[in-house]
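Trainee: I have a structure open and would like to learn how to read it. Where do we begin?

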Amino acid sequence: MLSFQQIIFKLKEYWAERGCIIQEPYDVEVGAGTMCPETFLRVLGPKPYRVAYVQPSRRPADGRYGDNPNRLFKHSQLQVILKPSPDDIMEQYLASLEAIGIDLRKHDIKFEEDNWESPTLGAWGIGWQVMLDGLEITQFTYFQQCGGIDLDLVPAELTYGLERLSAFLQVKDSVYDIEWTEGVSYGDVRYLDELQYSVYNFEAADIPTLWKLFDLHEGEAARLLAAYDPKSPGKRRYPLLAAYDQVLKCSNLFNTLDARGAISVTERVGVIQRVRKLAVGVAHAWVDQQWGMPPGLPVEEEAAAQ
Amino acid sequence: MSVPFLLEIGTEEIPDWMIPAALASLRLLFEKLEIPHESVTLDATPRRLTLRAEGLPARQADSEERILGPAKSAPPQAVAGFARKLQSIVGTSRIVRLEDLPIETTPKGEYYSFVREVPGRPTKDILAEALPGLIPRINFPKTMYWTGKSGPRFIRPIRWIVALLGEDIVPFEIAGVRSGNVTSGHRRLGAHEIIVTTSDYERRLRDHYVILSAEERRAKISNELAGILVKRDDALLETLVYLTEYPTTIVGRFDRQFLELPAEVLVTVMRHHQKYFSVENEWGGLAPQFVAVMNIDADPDGFVRRGNERVLRARFNDARFFWETDQKRKLADRMADLNHVTFQAKLGTYAHKSGRIVALVQKLGGDGHAIRAAHLLKCDLTTELVKEFTELQGIVGGLYARTQGEPEPVWQAVYDQYKPESMDDAIPRNRTGRIVALADKLDTLRECFRVGLSPTGSRDPFALRRAAQGVVKIVVEGGMDLELSELLQDDAQLSAFFEERIRYYFKDIRGFRYDEVNAAMAAGRSNLADLEARLKRIQNLRSSADFEPLAASFKRIRNILEQARSGSGGQAQPPAEIDESLLEPGPEKDLYEEYRNIAGQPIENVIGRLRPKVDVFFDKVLVNAPDARRQNRLTLLSTLLAEFSTIADFSEIVTQS
């Protein structure tokens, strides 16, 4: 039986053999691997790129104090980006499952329509959720747009839910019983994260402080974006990457405030728009900085009226 | 010589629900090519759209083209020029000589002309030319690009194409994929590359675990379900037919203890989240079993069954956890929480909405139960179970209300609040439920229209058409006596929107003829129960031989009155009493007497007597008399029209003559 970490090793090795750079998790808190610059910024522009990394992904509202066997505040995604997507991407993906010991002759795999969309990132794609014996194990997306920009090359994004996949392979009913490595369970490693962050996100986080932090990070991102000059000869050294970190901070603060029940009805759509505006701004500036393309006007879609 | 044609578009997995429409679109596009053929068959699996046609000609028929040259009298240079042009068309195989050119006589004079034989093009060439343009035009609700920003768009990436005419490959390229004679088998059970011919295509696919025909996949699933008390679900069956290339069913079990949860919750988890059929016991309740459909031939070691059982157990555990958590706070205690749930950004919260629904329920004459139900109506939106299974909103509220001891009319009204969800669905089962559902839908419609969120074209994000359709259905089928116009707040746009929905309901759902619907609605459409009653009367009247002629006469009367009005400069004539002294004996007097006799009686009883009198009147009497008799006759006609127009405007009836 493969341990949690062996599954990760195997998948990384598999994708490294197929030309992926193996990155380490990004060091700013994110809700999904898609939000890391390795995906969000790298999918833009005409340059091919292949990367794989594990990203601990924080979803404050999904925390359950470590009580629920299937729901986590912080789960681990293995994120794979293949840009442009190879013609045999489906075959490569299925072979990756065999690489971690799933005999596809003996299991049922279905690709069910599931189009991914992130309003805060101005990003969307077409794809499937991959079902293995009735369990969703991967989100498979052909990116179409990111930061409000149509993508030059269409990347395939594979997001493996590592806890689910491991529980499946190890035949465990609770993620906390997954064997992380011999003699150490997932619960041993992560239970306290789940408990304490649930307490923080639902009970202890100081709302005014979080709002203040949100405003500060938003202000810093906006300040940097406003000062970016596409005509400047030295624009390559301009810190757009740092501006993007500020956007990620805003996104995570928004999620925490939301879990804390601090975002009122009328505010919610507005706050999403504020983060989105920054993300779209960074994407457009980035395209200009890297490839000197006219950034164009950020496309403001109809305010998500629902 | 005729040949078969095979086109297979190989793709990555196409969403199941789009496939039947895509095939219909492909058929239409093929027919538009106007290539003669004897038959066409369309088939699909998630990974392929296939069109097979029999009896195509190998080449089109030869034809003749007539080229008209200059007039016989034209200058020699022009004639020589024409000869040179012809020479370039026919090539060097034949010498065109002026003296050989036939002269054609046309109405404009004599002209040189030339008949050219045009050989029919090979069908293969026509197809090779047309298919690259045809394939991307197959209609899908949403498409993607995959080769790059300016690349072709399709529902999912195209990975291979089989295009065979007889034994030949129809050569073309689309999105970098060259057509050929190589298909692909089942992803895990078949070979990746399989060479096929038009005659062995379907059989070769079967050898590689692809059942091409949807009908056959459906039959395979249905046969395997026989003997199991499966809850019939045709929509789910359709989904599974188009989600698999080689469907095989397996029966799984779950722990009996989960049967303590409401069947609605269990079925929703199985159906919507896992695409399982639920199984009933012999008394019609749920059995602790399910049927899953795999896309593989067998599960000899039970891996797939056990995997699905574990997934279901986890889902049921979640549901039970939510059910138990939710019970800790009663629905009635959750009303204040609705202040935190948005109905719509411009329209505030569900707390606001609930307040408006309560007021509307009162206006609609709802009793204490209805008002209680209106207060509780949206509270389930704050429960964990509804957050997890949004499709159960309403139903969960109803179940909680029942568990928490609310009276039957109340919990049923909450349970049924979203009914009817379609025109096939039933309306709420009791009167309390009908009033509450009506108030909820009317409020959504009124508010959305008020702030300009009305549907545009095919975009209807708030499902307002369904809401309005539901209002019409509830009012009519629930026999509710109310004036719709009083509930629409003088909103002209909303009123027009309702007019459309009412017309649709009576015409398309109830099957009344369109002109009957127009006629009845022209006489009023605010009280729908009354409108329905009048429609039924018109439908009955129509079988009478007197009906259409009388309708034609009414139309004539209307035209005469309108002409008279425009003749007087558009001024409405002052209402006049009929002056009996001006009536001429004979047809005019007879018609008047008849009118006096039958006034106030239902038209059904008098139509046979009235019609001949009207006919004779129009036959013998000149309405446009040069004196006061004219006005008197117009008054007679308008009185007659008014008498029978309360049921319908008969001039809307389309008559044979």
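Mentor: Begin with domains, whose bounds come from an automatic or database domain assignment. In chain A that assignment gives domain 1 (4–200) and domain 2 (205–291). Keep in mind that this is a predicted model.

Trainee: How many residues of domain 1 of chain A are in contact with domain 2 of chain A?

Mentor: Two residues are in contact if their C-beta atoms lie within 7 Å. On that basis, 23 residues of domain 1 of chain A meet 24 residues of domain 2 of chain A. The domain 1 side of this contact has 14 nonpolar, 6 polar and 3 charged residues. The centres of the two domains, taken over C-alpha atoms, are 24 Å apart.

Trainee: What is the radius of gyration of chain A, and what would a compact globule have?

Mentor: The rule for a globule is 2.2 Å times the number of residues to the power 0.38. For 306 residues this gives a value near 19 Å, and chain A, with 20 Å, agrees with it. Along the principal axes, the C-alpha atoms of chain A fill a box of roughly 55 × 50 × 35 Å. The chain contains 8 helices and 11 strands, and buried residues make up 46% of its 306 residues. Of the contacts in chain A between residues at least 6 apart in sequence, 68% join residues at least 24 apart.

Trainee: How many residues does each chain give to the contact between chain A and chain B?

Mentor: The size of an interface is often given as the accessible area lost when the parts come together. Here we count residues instead: 35 from chain A and 33 from chain B. On the chain A side, the elements that give two or more residues are α3 (89–99), β4 (109–113), β6 (123–132), β7 (135–146) and α8 (265–291). β4(A) gives the most, with 4 residues. By class, the chain A side has 16 nonpolar, 7 polar and 12 charged residues.

Trainee: Which residues have the most contacts inside the largest nonpolar core?

Mentor: A nonpolar core is built from buried residues joined through C-beta atoms within 7 Å. The largest one has 148 residues, and those with the most contacts inside it include Phe290(B), Val361(B) and Ala373(B). Helix α14 (residues 431–450) of chain B gives the most to this core, with 9 residues. Ala373(B) touches Val410(B), Ala413(B), Val414(B), Thr432(B) and Val436(B), leaving aside residues up to four places away in sequence. Another core, of 80 residues, lies apart from the largest one, and Ala52(A), Phe73(A), Leu78(A) and Leu158(A) are among its members.

Trainee: Which strands of chain B does β12(B) pair with?

Mentor: Two strands pair if at least two bridges are found between them. Strand β9 (residues 158–165) of chain B runs parallel to β12 (residues 177–180) of chain B, with 2 bridges, and Val162(B) stands opposite Gly180(B). Strand β11 (residues 173–174) of chain B runs antiparallel to β12(B), also with 2 bridges, and there Ile174(B) stands opposite Val177(B). The hairpin of β11(B) and β12(B) has 2 residues between the strands, and Ala175(B) takes a positive phi near 50°.

Trainee: Why does Asp590(B) count as partly exposed?

Mentor: A residue is buried with 20 or more other C-beta atoms within 10 Å of its own, and exposed with 12 or fewer. Asp590(B) has 16 such neighbours, so it counts as partly exposed. Its place is in helix α20 (residues 587–598) of chain B. From Asp590(B) to Val182(B) is 408 residues in sequence and 86 Å in space, C-alpha to C-alpha.

Key:
Residues numbered from 1 in each chain as written. Chains lettered and ligands numbered in written order. Predicted model: local features only at pLDDT ≥ 70, side-chain atom pairs only at ≥ 80, totals over all residues. Nonpolar A, V, L, I, M, F, W, Y, C, P; charged D, E, K, R; others polar.
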